[in-house]
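Q: I should like a close look at a single part of this model. Please treat it in one connected account.

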Amino acid sequence: MRIAVAGATGNIGSRTVAVLERDGHEVVRISRATGVDIATGVGLDEALTGVGAVVDALSAPPMDRDETVAYFGGTTRNLLAAEERAGVRHHVLLSILNVDRVEGNAHYAGKREQERLVAEGPVPWSIVRAAQFHDFAEMVAGWGERDGVVTIAPLLDQLVAPDDVAAVLAEIAAAEPRTDRLDLAGPEPQDLVDMARRTYEARGRSATFAPTWSGLFGPEMAGEVMLAGDGARLAPTTFDEWLAEQRR
């Protein structure tokens, strides 16, 4: 198939491109680096010529809630409209596991708007709701590190390997539209503080970790809110396996 990937230079987008090309598909990379701007629509019609499916793995810069919703809403509308004009038969959206359980987070609000537009839109669709990625623990720790002390929320999470997410996105894109959402998570629940500490150790970094709900993530994300429910697809790569690769 001829498959387009929006956000093709990003963490998941670039991996999805690699999997699709390995499997013999022709991939169209959609990003500003290739002259296509989804936010304005510039270059979209040309890029989608002859495309059968689109994977939207676009990310957003840090913004407040209204700005994030507007950004994701605008890019999704532009993409869906161009897909309809081009006769694209399948739109695959990368979203977030349990995105409808967390109200206070700006990024989650933006992803919910994306999901709404895709499900109500003119192009047959599939949505992959993936858990946060294995490097999420280190990233969150970096946000809260000051003078060797890391403040970090004691989340229970079921992080998934980025390569596993890319493999599922490629698989879904090459298949018929599901007109449904697929939950995707790692094989086992883990404590975010412990994962961050272990990742720091693997990188040769040292810090004192101070669990707290006073930062970016609040108590609404406590307990099993972030874990996969019944019927979720569990990816094979464990956090320990991913971490072992980081040590090399």
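Where is the place of Asn-98, and what surrounds the helix that follows?

A: In this predicted model, Asn-98 lies in the loop between strand S4 (90–96) and H4. Its backbone deserves attention: phi of Asn-98 is near 60 degrees, a positive value in a residue other than glycine. Most residues other than glycine have a negative phi. Asn-98 is also buried, because its relative accessible area is 6%, under the 20% cut-off.

The loop of Asn-98 is bounded on one side by H4, and helix H4 (residues 106–120) in turn packs against helix H3 (residues 65–86), with axes that come within 8 Å and cross at roughly 25 degrees. H3 is therefore roughly parallel to H4, since angles under 35 degrees count as such. The crossing of H3 past H4 is right-handed. On the H3 side, the residues in contact are Arg-65, Thr-68, Val-69, Phe-72, Gly-73, Thr-76, Arg-77 and Leu-80. Their counterparts in H4 include Ala-106, His-107, Ala-109, Gly-110, Lys-111, Glu-113 and Leu-117. By character, the residues of this contact between H3 and H4 comprise seven nonpolar, six polar and six charged.

A second residue may be set beside Asn-98. Thr-179 has a positive phi of about 50 degrees, although it is not a glycine. Thr-179 is found in the loop between helix H6 (162–173) and strand S9 (181–185). Whereas Asn-98 is buried, Thr-179 counts as exposed, because its relative accessibility is 51%, over the 50% cut-off.

Notes. Residues numbered from 1 in each chain as written. Predicted model: local features only at pLDDT ≥ 70, side-chain atom pairs only at ≥ 80, totals over all residues. Heavy atoms only, no water. Axes fitted to C-alpha atoms, helices over the stretch in contact; angles between N-to-C directions. Helix = DSSP H or I, 4+ residues; strand = E, 2+ residues; numbered from the N terminus. Parallel < 35°, antiparallel > 145°, perpendicular 65-115°, else oblique. Left-handed = near helix turned anticlockwise from the far one by under 90°. Contact = heavy atoms within 4.5 Å. Nonpolar A, V, L, I, M, F, W, Y, C, P; charged D, E, K, R; others polar. Buried < 20%, exposed > 50% of the residue type's maximum accessible area, 1.4 Å probe, protein only.
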